[in-house]
Amino acid sequence: MTVHLVNPSHLSFGVGVITPRWLFVLAGATPTAYGRPQISDETLEPFDVDAVQPGDIVGIGIHTGNALRGYEIGKRANGRGARVVFGGIHATLFPDEARELGGADAVVRGDGDAIWPLVLEHATHGALQPTYEGGRVDADRFVPARWELLPAGRYMWGSVQTVRGCPKHCSFCSVWRTDGQKPRQRAVDKVVAEIIELRQRGFRFVALADDNFYPVTLADLAMAERQRNQARLEQLRALRAERFELMARLAELPSDMVFFTQITMEAAEDEAFLDAMRRANIKGALVGVEAVTPEGLKDVYKSFNDAGAALVQHGVHVLGSFIFGLPSDRPATFAATADVAERAGVAFAQFVMLTPYPGTVDFEAWEKRVGVDGAEVAGIPITRHWLIPQAHRPKVYVPHPVMTPDEIRARTQAVWDRFYSLRRIWARSRCTPTLRARLAFVLISKLYRQMYANTGIATDSARVNRANRWARLIARPCRRLFAGRPVSPLVGTASDA
Ligand code: B12
Ligand code: SF4
């Protein structure tokens with residue numbers, strides 16, 4: 001009996017940018033009695049369902065975007081006599097769907113770390129329950145990833161989680177509702193141990209796969225002080241102190257390490273935090289620009305400009321994330337956004353089209369508005385857009401007051417084209433220290449555009465296939481530029497202790 005863990009994707013690029021962490025965490029949670037789990041990441045190559053034997057256990061992790069491909073695999077694996085278990089954010093939100101469409105014998109909702117051994121035990125005894133509540137496990141029970149199962153030479157960045165949950169409550173995000181608003185921070189030693197292991201395996205670049213690396217803002221502290229809420233103040237200070245402790249430890253790692261994370265714009269006001277980030281070699285951060293009204297547009301862009309400048313001054317390159325298709329957008333918004341992204345010194349940017357993700361406040365409002373008799377595509381209600389086959393999936397779901405879906409798509413594509421023109425990429429690559437780094441910057445910019453924009457925004461399959469071929473071609477040299485020399489053991493770090 002073999003345990004398979006499958007990360008579905010309808011496109012495979014041969015090389016992956018970031019290691020999908022859940023695969024290696026669930027492998028870590030698999031008791032040794034079950035042998036070596038077979039890990040399959042379809043962003044590298046398609047899963048060979050024909051290799052599944054009757055009695056095998058197939059664990060499939062899905063988010064909304066890859067749920068349909070996950071269901072296809074689940075049904076086929078089930079048909080071959082395997083016991084199929086679904087997990088991940090989408091299965092947490094739609095457990096019945098995974099059973100009805102994905103051939104799931106069981107669905108794990110929430111965190112898989114603690115419950116997975118029980119699921120495996122039930123599966124081997126033919127006693128699977130339809131649903132398991134994995135809940136939100138405490139940080140001290142997060143299972144470390146089993147990095148020795150990584151296929152060699154296939155990924156550019158490792159991924160280590162330092163905190164789960166986010167105290168904010170953005171209307172377009174499901175994280176605060178599924179992972180909770182209480183930040184669950186992992187012990188510093190455990191995080192550092194994983195990073196050291198990744199470095200020993202040749203990873204210089206590590207993504208801190210957190211919902212929000214900056215869970216306590218200066219405003220939160222000031223508010224607790226104003227309210228004279230001593231208990232809250234102490235709790236916030238403790239969380240903040242742990243962040244600084246972690247960054248101090250990252251600063252002791254070899255200086256060629258590069259970390260990337262996600263933070264909110266408020267971090268830009270926190271000089272001490274930014275200084276600590278710089279010392280810790282956290283050199284990149286995804287910063288989102290939230291929904292804005294026309295009146296608020298100027299202010300938001302101004303604060304993004306200021307925030308971007310502050311981050312760049314502290315050596316943190318910004319990946320700006322901008323949303324198009326909001327009701328307040330006008331044709332002029334697209335060029336204005338591209339201008340802001342350029343003026344703020346953003347190193348990378350993504351321009352995504354408003355997609356109502358289930359589990360969010362925005363999704364619920366939209367679903368209510370569209371109603372049960374709403375539009376259908378390929379016989380599927382658009383409120384279940386992830387079930388529409390890729391080739392027919394609309395790019396814009398929320399009707400816009402002044403622009404057609406095609407106009408929004410074309411204008412979004414034009415902003416990508418402009419931001420990622422070779423001339424502009426080359427100019428931006430000046431933010432890196434060496435020629436090799438500039439080359440890496442150019443390649444990763446082109447790759448990013450092919451992987452995320454051209455396969456996601458293009459409407460015809462010929463274009464998608466072309467983008468996929470390009471991405472495969474660029475991905476290999478790109479990976480080589482990111483790789484470091486495997487080091488063992490690390491000199492001058494905690495690994496000596
Ligand atoms: C890091 C990250 C990324 C990274 C890296 C992705 C990668 N290769 O790993 C990058 C930046 C590339 C990325 C991109 C995107 N992301 Co992202 N990402 C995350 C983030 C912050 C952390 C994911 C992670 O590694 N967590 C650590 C692991 C250990 O946790 P986990 O995946 O949740 O797995 C646990 C459980 O879910 C469960 N589990 C998971 N699978 C399975 C399977 C089985 C069988 C079982 C039993 C249990 C189980 O057990 C695990 C351990 O407890 C999540 C937020 C989140 N809280 O999930 C968003 C998140 C997953 N991303 C999201 C989105 C929307 C995207 C993008 C579409 C953004 C965009 N517009 O471009 C793209 C899509 C990329 C793609 N094509 O897949 C959404 C998904 C929403 C949804 N309903 O699907 C999330 C939830 C964030 C959000 N704001 O809502 N992302
Ligand atoms: S978008 Fe970011 S800041 Fe907002 S709730 Fe989600 S994780 Fe938190």
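## Starting at Ser 303

Let's begin with a single residue: Ser 303 has a relative accessible area of 36%, so it counts as partly exposed. Keep in mind as you look around that this is a predicted model. Ser 303 is part of helix 11, which covers residues 294-313.

You can also use Ser 303 to see how sequence and space relate. Thr 264 is 39 residues away from Ser 303 along the chain, and the C-alpha atoms of the two are separated by 12 Å.

## The whole chain

Now step back and look at the full fold. The chain has 17 helices and 17 strands. Its radius of gyration is 22 Å, close to the 23 Å that the globule rule gives for 497 residues, so the chain is as compact as a globular protein of that length. Measured out along the principal axes, the C-alpha trace spans about 60 × 60 × 55 Å.

How much of the chain is buried? Of its 497 residues, 54% count as buried. Contacts tell another part of the story: among those with a separation of 6 or more, 76% are between residues 24 or more positions apart.

## Surface and charge

The accessible surface of the chain comes to about 21,800 Å², and carbon and sulfur atoms account for 55% of that. The chain also carries 61 positive and 53 negative charges, and the mean positions of these two groups lie 6 Å apart.

## Cysteines without a bridge

A disulfide is a covalent bond between the sulfur atoms of two cysteines. How many disulfides does the structure hold? The count is 0.

Two cysteines are worth finding in the viewer. Cys 173 is partly exposed, with a relative accessible area of 24%. Cys 431 is partly exposed too, with a value of 33%.

## Two residues with positive phi

Here is a backbone detail to look for. Most residues other than glycine have a negative phi. Asn 281 is not a glycine, yet its phi is positive, near 65 degrees. This residue sits in the loop between helix 10 (271-279) and strand 13 (282-288). Is Asn 281 buried or exposed? With a relative accessible area of 10%, Asn 281 is buried.

Ala 378 also has a positive phi, of about 50 degrees, although it is not a glycine. You will find Ala 378 in the loop between strand 16 (376-377) and strand 17 (380-381). Its relative accessibility is 52%, and the cut-off for exposed is over 50%, so Ala 378 counts as exposed.

Terms used: Residues numbered from 1 in each chain as written. Chains lettered and ligands numbered in written order. Predicted model: local features only at pLDDT ≥ 70, side-chain atom pairs only at ≥ 80, totals over all residues. Heavy atoms only, no water. Helix = DSSP H or I, 4+ residues; strand = E, 2+ residues; numbered from the N terminus. Rg over C-alpha atoms; globule rule 2.2 N^0.38 Å. Buried < 20%, exposed > 50% of the residue type's maximum accessible area, 1.4 Å probe, protein only. Contact = heavy atoms within 4.5 Å. Areas by Shrake-Rupley, 256 points an atom, 1.4 Å probe, with all protein chains shown as cover. Lys, Arg positive; Asp, Glu negative; His and termini not counted. Charge placed at Lys NZ, Arg CZ, Asp CG, Glu CD. Disulfide = S-S within 2.5 Å.
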